[in-house]
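This report looks at two loop residues, one helix and the nonpolar core. Please keep the sequence and the model in view while reading.

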Amino acid sequence: MKKTATLIVDGKSYELPVMVGTDGNRAIDISRLRKETGLITYDPGFGNTGSCTSSISYMDGEKGILRYRGIPIERLAEHSSFIETAFLLITGELPTKEELSDFSAMLNDHSLVHEDMRHFFERYPRGAHPMGILSSMVNALRAFYPEIPERSEEAEINKAFARLLSKLRTMAAMSYRISKGMPVVYPSYFLSYCANFLNMMFDSAVRPYVIDEDMVSALNVFWILHADHEQNCSTSAVRLVGSARVNLYAAISTGISALWGPLHGGANQAVVEMLQEIYDRGGDPAPFVARAKDKNDPFRLMGFGHSIYKNYDPRGRIMKKMCYRILEKRDFNDPLLDIAMKLEETALRDSYFIDNKLYPNIDFYSGMFLRAIGIPLDMFTVMFAIGRLPGWISQWKESREDPRGKLCRPRQVYSGPGKRDYIPIPERKPKEVNGRRLYPQSVEKTFETKYRSSASYL
Ligand code: ACO
């Protein structure tokens, strides 16, 4: 029987279809709401809004479940490689042996970056954040490589995806090397995707990098865990920008920018910075927990809480185990890990965190893992971006092929002034914030403001 929900507005009732997803998750279809009722919905942060149907990843935040194309994340972390998982996400199925080796060869073929792009890298100021560099470099790729025209052949589309997957990894390593004033290491045809990345990061003419297969497997797992996460902030950004039919590179560049934020992917860097601060102040996490609970303090416990997970983040569990394994193998006792454990214990015993269902998320332990494998702090979110790329690509592809796809254009409830008259300049009052005038500002006057009359701007 077709299910519906009844909405009653001003005494009139409307039947709205109820959609049911694969695992029984339900949604009220309001796509005709405005047309039929003149009303819109109000949902800041879109926490109650399904923006699309998708067959890529499935999450159950209450039960702590994550699956890619139906396969539990735990199974993929145990058995798959990052490249195989990327293939699964993009095409919908696990590859056969031949398909996998073909895909790997294609990634190898496209791993070099146009030499002219090096000039871009070299002109960035030293100390520029690699996420900013990566986002603009990905956008710049469009100037060097062709766009995917509408109605392209599947092979052409796959080539563009392989190009991006491969080059993003090369560009990430390149940006790190150049920012440190080190010579660029080119990708090798004889190394796997993950081994190649480690080699491009750490090889040196005076100290050749010895590939450690345990590090390579750990990196595979790290990237598998980050590969997709349904309609998270950066993926939604990719879909939203992509809905304007911009090219793939521009859409992915938007995703990278969104990921950079500390409430999203930037949390892996923010967690380590927070742990370092706790360490520097004597190692007691209690004052930080107290600050996180104080509603008058904007501070949040980084690496805790999630928009969807109201239980342990299943990726966090795997990451924590892997972190310990690598630290043990490297015989490295990281004092920040002890702080992290103390903090986790303190928070998980605290009623604020219990009542709000705030558990450690993937970023709580991923920063510790990245430290353990020698990745510098400002590269942490770049590592996340490389991992998330197959997800962004799959979601971009799915939205492009969606027959119900539309230009994304949310509405708003306007809350500004009602209609009012235009006031001539002499009658206007200066703007004040907390009793102080906002303009003129105390910045040094530029040539423009010093020498041109303000009238010339009008
Ligand atoms: N520290 C303190 N309080 C928190 C935290 C936190 N880390 N997270 C949520 N809360 C509070 C919220 O302010 C909210 O309080 P309120 O009801 O009084 O307003 C309450 O707990 C419930 O929050 P949620 O609705 O469950 O979470 P929300 O959707 O608001 O935020 C977010 C989710 C942004 C991830 C938040 O938990 C946060 O800022 N965490 C720290 C940053 C972080 O680790 N981000 C990475 C997330 S994973 C990822 O994107 C890869």
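At 23% relative accessibility, Arg 69 counts as partly exposed, a class between buried (under 20% relative accessible area) and exposed (over 50%), with a 1.4 Å probe and protein chains only. This is a predicted model, in which local features need pLDDT of at least 70, side-chain atom pairs count only at pLDDT 80 or more, and totals for chains, interfaces and linings use all residues. Residues are numbered from 1 along each chain as its sequence is written, and side-chain values use heavy atoms, without hydrogens and water.

Arg 69 and Asp 10 are set out below. Helices (H or I, at least four residues) and strands (E, at least two) are DSSP runs, numbered from the N terminus.

| Residue | Phi | Loop between | Relative accessibility |
|---|---|---|---|
| Asp 10 | near 50 degrees | β1 (4-9) and β2 (12-20) | 80%, exposed |
| Arg 69 | near 50 degrees | β5 (65-68) and β6 (71-72) | 23%, partly exposed |

For Asp 10, the phi value is positive in a residue other than glycine; the same holds for Arg 69.

In helix α13 (residues 286-293), the buried residues are Phe 288, Val 289 and Ala 292. They lie on the same side of α13 because they cover an arc of only 100 degrees around the axis, taken from the directions from the helix axis to the C-beta atoms. Their cover includes α12 (267-280), α15 (335-349) and α16 (351-355).

Leaving aside neighbours within four places in sequence, Leu 301 is in contact (heavy atoms within 4.5 Å) with residues including Phe 288, Val 289 and Ala 292.
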